[in-house]
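Let's take a walk through this fold together. Have a look at the model first, and then we'll go through it piece by piece.

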Amino acid sequence: MKLIRTRAVALGLCLGSAAFASGADGDATIRARAGNSEIVITTTSRLAGAIHSLTWDGKEFINSTDHGRQLQSACSFDNTPTAEAETFNPTEAGSRRDHVGPTSTSRLLELNAAGNHLRTRTQMAFWLAPGERSEGQLARNPNALSDYMLTKDVRIGYERWPQVLDYRVTFSVPTNAQHTYAQFEALTGYLPPEFDTFWQFNPKALKLEPLSYGPGEIKAPVVLATADGRHAMGIFAPPQVQPFTTGPSYGRWRFKAERVVKWNCVFRVRKAEGIPTGDYAYRMLVPIGTRDDVEAMLREWTGRPKSLTDPVR
């Protein structure tokens with residue numbers, strides 16, 4: 001997944017993923033009380049169980065459009081200037097070819113949802129189908145459906161804060177894969193255009209500070225908010241020491257013409273002799289609320305990472 005999923009696809013291609021659409025039922029809702037409102041999260045079969053909607057205080061936080069603009073995860077491998085991320089890009093919600101169609105090339109294998117807790121396991125589609133191009137670069141994948149798996153575990157609420165997602169993901173790299181570089185977009189959120197006031201959290205001053213539209217990545221947690229500060233969403237990942245790994249880093253983008261804004265949290269793994277196959281697990285906290293709510297949560301979590309590094313459930 002590069003930056004955004006807005007490129008149009010012919011209608012005939014939008015229906016091409018029907019053969020991969022079988023699997024678990026992806027329509028589910030979890031919810032929990034959060035202040036004077038509640039957080040409600042909705043997943044859909046159309047998106048292979050990826051998060052289609054998150055509402056709080058009467059406000060929609062996700063700009064779900066095609067099969068890329070959700071709250072979801074993706075990965076890419078062996079990226080170079082002539083073979084960028086989208087050319088080998090397993091993506092939770094589906095493929096570019098799925099576009100605004102009713103099905104996903106990704107295959108949902110398992111979904112459990114109860115109360116405030118969601119768990120899914122998905123066989124991810126490649127973003128590009130074989131033979132497709134991104135920015136003129138040819139897809140490197142030989143199939144539409146990858147062998148790369150994503151398990152996500154999402155719980156509304158963490159410690160004393162009800163307005164946060166405790167979000168954990170595990171990417172499973174198949175045993176026959178041979179890579180020297182992996183880029184794990186552990187989580188990305190595409191938000192409506194009114195979340196156009198960008199902030200970064202200064203860990204020394206313990207406060208939010210204005211942030212440009214970028215685009216690009218920084219080391220500080222990112223927050224996207226409405227201008228009045230009544231609604232905001234941020235992203236925070238504690239230090240997670242793993243071999244050959246850098247991150248977390250946080251990106252932000254504003255796509256004015258497409259009327260969407262985006263944040264992400266990225267980890268990168270490099271090893272010249274080849275990265276290990278198997279599981280790569282990451283944990284994040286997604287604070288939701290007013291700008292002041294989100295700032296208070298980030299302030300409390302900063303500087304005490306040990307309490308945030310227990311393994312994926």
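**A buried pair and its surroundings**

K262 is buried, and E185 is buried too, where buried means under 20% relative accessible area, exposed means over 50%, and partly exposed is in between (1.4 Å probe, protein chains only). Before going on, note that this is a predicted model, in which local features need pLDDT of at least 70, side-chain atom pairs count only at pLDDT 80 or more, and totals for chains, interfaces and linings use all residues. Residues are numbered from 1 along each chain as its sequence is written, and side-chain values use heavy atoms, with hydrogens and water left out.

Back to our pair. The side chains of K262 and E185 form a salt bridge, 2.9 Å from N to O; the term stands for a side-chain nitrogen of Lys or Arg within 4 Å of a carboxyl oxygen of Asp or Glu. This one links distant parts of the chain, with K262 in strand β20 (residues 260-270) and E185 in strand β13 (residues 181-191), 77 residues apart. Strands here (E, at least two residues) and helices (H or I, at least four) are DSSP runs, numbered from the N terminus.

E185 also leads us to S73, which sits in strand β5 (residues 71-77). Is S73 buried or exposed? S73 has a relative accessible area of 0%, so it is buried. Skip the neighbours within four places in sequence, and S73 is in contact with T91, E92, M124, L150, V169, F171, E185, A186 and L187, contact meaning heavy atoms within 4.5 Å. With A186 there is something extra: the S73 side chain reaches the backbone oxygen of A186 at 2.6 Å. That is a polar contact, meaning a pair of N or O atoms within 3.5 Å; within protein, one must be able to donate a hydrogen and the other to accept it, and residues adjacent in sequence count only if both atoms are side-chain atoms.

Now zoom out for a moment. The protein's secondary structure comes to two helices and 21 strands. Of its 313 residues, 57% are buried. Take the contacts between residues at least 6 apart in sequence, and 68% of them join residues at least 24 apart. As for the outside, the protein exposes about 12400 Å², with carbon and sulfur atoms supplying 53% of that; the areas come from the Shrake-Rupley method with a 1.4 Å probe, and for residues only the protein chains shown count as cover.

How many salt bridges does a search of the whole structure find? The search turns up 14. One of them joins the side chains of R119 and D153, at 3.4 Å from N to O. That pair also links distant parts of the chain, R119 being in strand β8 (residues 117-126) and D153 in strand β11 (residues 145-158), 34 residues apart. R119 is partly exposed because its relative accessible area is 27%, while D153, at 1%, counts as buried. Then there are D166 and R168, whose side chains meet at 3.1 Å, N to O, in a salt bridge. Both D166 and R168 are buried. Elsewhere, salt bridges tie R291, D292, E295 and R299 into a network.

R291 does something else as well: its charged end sits over the ring of W199, 4.1 Å from the ring centre. To count, NZ of Lys or CZ of Arg has to be within 6 Å of the ring centre and within 35 degrees of the ring normal.

On to the aromatics. The structure holds 15 aromatic pairs, a pair being rings of Phe, Tyr and Trp (its six-membered ring) with centres within 6.5 Å; planes under 30 degrees apart count as stacked, over 60 as edge-to-face and the rest as tilted. F267 and Y282 are stacked because their ring centres are 4.3 Å apart and their planes are at 15°. F267 lies in strand β20 and Y282 in strand β21 (residues 278-289), 15 residues apart. Both of these residues, F267 and Y282, are buried. They belong to one aromatic cluster with F77, F88, F126, Y148, F171, F184 and Y280.

F267 brings us to T245, a residue of strand β19 (residues 245-255). Residues up to four places away aside, T245 touches F267, R268 and V269. A polar atom of the T245 side chain also lies 2.9 Å from the backbone oxygen of P243.

Last stop: D196, in the loop between β13 and β14 (197-202). D196 is partly exposed, because its relative accessibility is 25%. Beyond its neighbours within four places in sequence, D196 is in contact with Y213, A225 and R254.
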